[in-house]
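User: Could you take me through one part of this model up close? I'd like the barrel and the pocket, plus the charged pairs around them.

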Amino acid sequence: MTPRVREILSWYGAESPGTLTNLARLLNHGRLGGTGKLVILPVDQGFEHGPARSFALNPPAYNPHYHFNLAIEAGCNAYAAPLGFLEAGARDFAGEIPLILKVNDSDVLRDEADPNQALVASVDDALRLGCCAVGFTIYPGSAHELAMYEQFRACAEEAKRQGLAVVVWSYPRGSSLSKDGESAIDVVGYAVQIAAQLGAHIIKVKLPTAHLEQEAARKVFEAQNIPIATATERVRHIVDCAFAGRRIVIFSGGAAIFDDEKLLDEIRAIHAGGGFGSIIGRNSFQRPKADALRMLGDVMDIYAAPKPRVRKP
């Protein structure tokens, strides 16, 4: 147990020893174990986007075991997936990597302006499979957001009662937001705050842009001179929105663009801005395994390095 991990666990003083132990399992596993940084492999895209769109670019990824092996060989902190994928490999890889069960999901068979998610697994499933955490998606900005918040609170309450950690995918989306607004700095910051207030231990969001969606927020950003010009500054603001950095915030790896320099520049900005890591799915499993292992190794090299010092003006 490193001093950094002890410090992070101290931020969750209301939690049971079981939940703190499972948080420690995530933070202490893999190549970045003990650093306070996380790189997680998520593979819920088969459910969320469809199998061909998700796996045809790299056909071995149709096999659930492929993803277990990729996460283990890369030295990821954890592997996150829906019920079916975890059931297909949990016994074969028992104890080799911490697992996160994604308990709600949606599909793209209908084009909905206000998306929703359905509960597709349970806390009991997570316990049966030996998971250390449950994962849950919310869509702040959707017409269904209040129902999702209530559904999440019930699930999180049960998970914490059973000693599991809780990871939230907080993705602004819905008819009340513009397309640019889904990744706007004010909206993503709001989504982080909502997830933290709902009791999430780890919060996953997209890397925000400098766009400001809400006029009321724009006035505050401008009046208070909140710096958001660079990706590093925007990450720093998002971390502040998570209880001044006292909740773990990780960032998505984005769409599969296979532009490693662009991806690694984003990782450098997350690291410099005080982000806790990345959860990289399509940019990992949609490329040949050797390329994925090399890319994930480069990502972990950045997070393992000392945090760059911020130059004061």
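**The pocket, the barrel and some charged pairs**

Analyst: Sorted by class, the residues lining the largest pocket come out as 16 nonpolar, 15 polar and 16 charged. Keep in mind that this is a predicted model. The pocket itself has a volume of about 1,300 Å³. Its lining counts 47 residues, and H49, Y171, R173, K206 and R282 are the ones that lie nearest the centre. Four elements each give two or more residues to that lining: α3 (45–49), β7 (165–170), α12 (260–272) and α13 (282–285).

One of those elements, β7, is also a barrel strand, so to speak of the barrel next: eight strands close up in the order β1-β2-β3-β6-β7-β8-β9-β10, with parallel pairing. From one strand to the next, the twist averages 25 degrees.

Strand β2 (residues 78–81) is a good place to zoom in. A78 and A80 point one way, Y79 and A81 point the other way, and all of them are buried. On one flank, β2 runs parallel to β1 (residues 38–42), joined by three bridges, and Y79 is the bridge partner of L41. Three bridges also join β2 to β3 (residues 99–102), again in parallel, with A81 standing opposite L101. Elsewhere in the barrel, β8 (residues 202–205) pairs with β9 (residues 248–252) in the parallel sense over four bridges, and there I202 sits opposite I248.

Now back to α12, this time for its charges. Side chains of opposite charge can pair when their charged atoms come close. K262 and E266 do this as a salt bridge, at 3.0 Å from N to O. The two are four residues apart in helix α12, which means about one helical turn separates them. K262 is partly exposed at 41% relative accessible area, and E266 is partly exposed too, at 22%.

D260 makes a salt bridge as well, with R287, and the closest N and O atoms are 3.0 Å apart. This pair links distant parts of the chain: D260 belongs to helix α12, while R287 is in the loop between α13 and α14 (289–304), 27 residues apart. D260 is partly exposed at 27% relative accessibility, whereas R287 is buried at 7%, because buried means under 20%.

For the wider tally, the structure holds 16 salt bridges. Among them is R110 with E112, at 3.5 Å from N to O; R110 is exposed at 61% and E112 partly exposed at 36%. E87, D125 and R128 are linked in a network of salt bridges.

Technical notes. Residues are numbered from 1 along each chain as its sequence is written. This is a predicted model: local features need pLDDT of at least 70, side-chain atom pairs count only at pLDDT 80 or more; totals for chains, interfaces and linings use all residues. Side-chain values use heavy atoms; hydrogens and water are left out. Buried means under 20% relative accessible area, exposed over 50%, partly exposed in between (1.4 Å probe, protein chains only). Two strands pair if DSSP finds at least two bridges between them. Axes are lines fitted to C-alpha atoms, for helices over the stretch in contact, and angles run from 0 to 180 degrees between N-to-C directions. On a 1 Å grid over the protein atoms alone, a cavity is a set of points where a 1.4 Å probe fits but cannot get out, and a pocket is an open set with protein on both sides within 12 Å along at least five of seven lines; lining residues have an atom within 4 Å of a point. Grid points are joined across faces, edges and corners, and a volume is the space filled by probe spheres set on the points. Ala, Val, Leu, Ile, Met, Phe, Trp, Tyr, Cys and Pro count as nonpolar, Asp, Glu, Lys and Arg as charged, and the others, Gly among them, as polar. A salt bridge is a side-chain nitrogen of Lys or Arg within 4 Å of a carboxyl oxygen of Asp or Glu.
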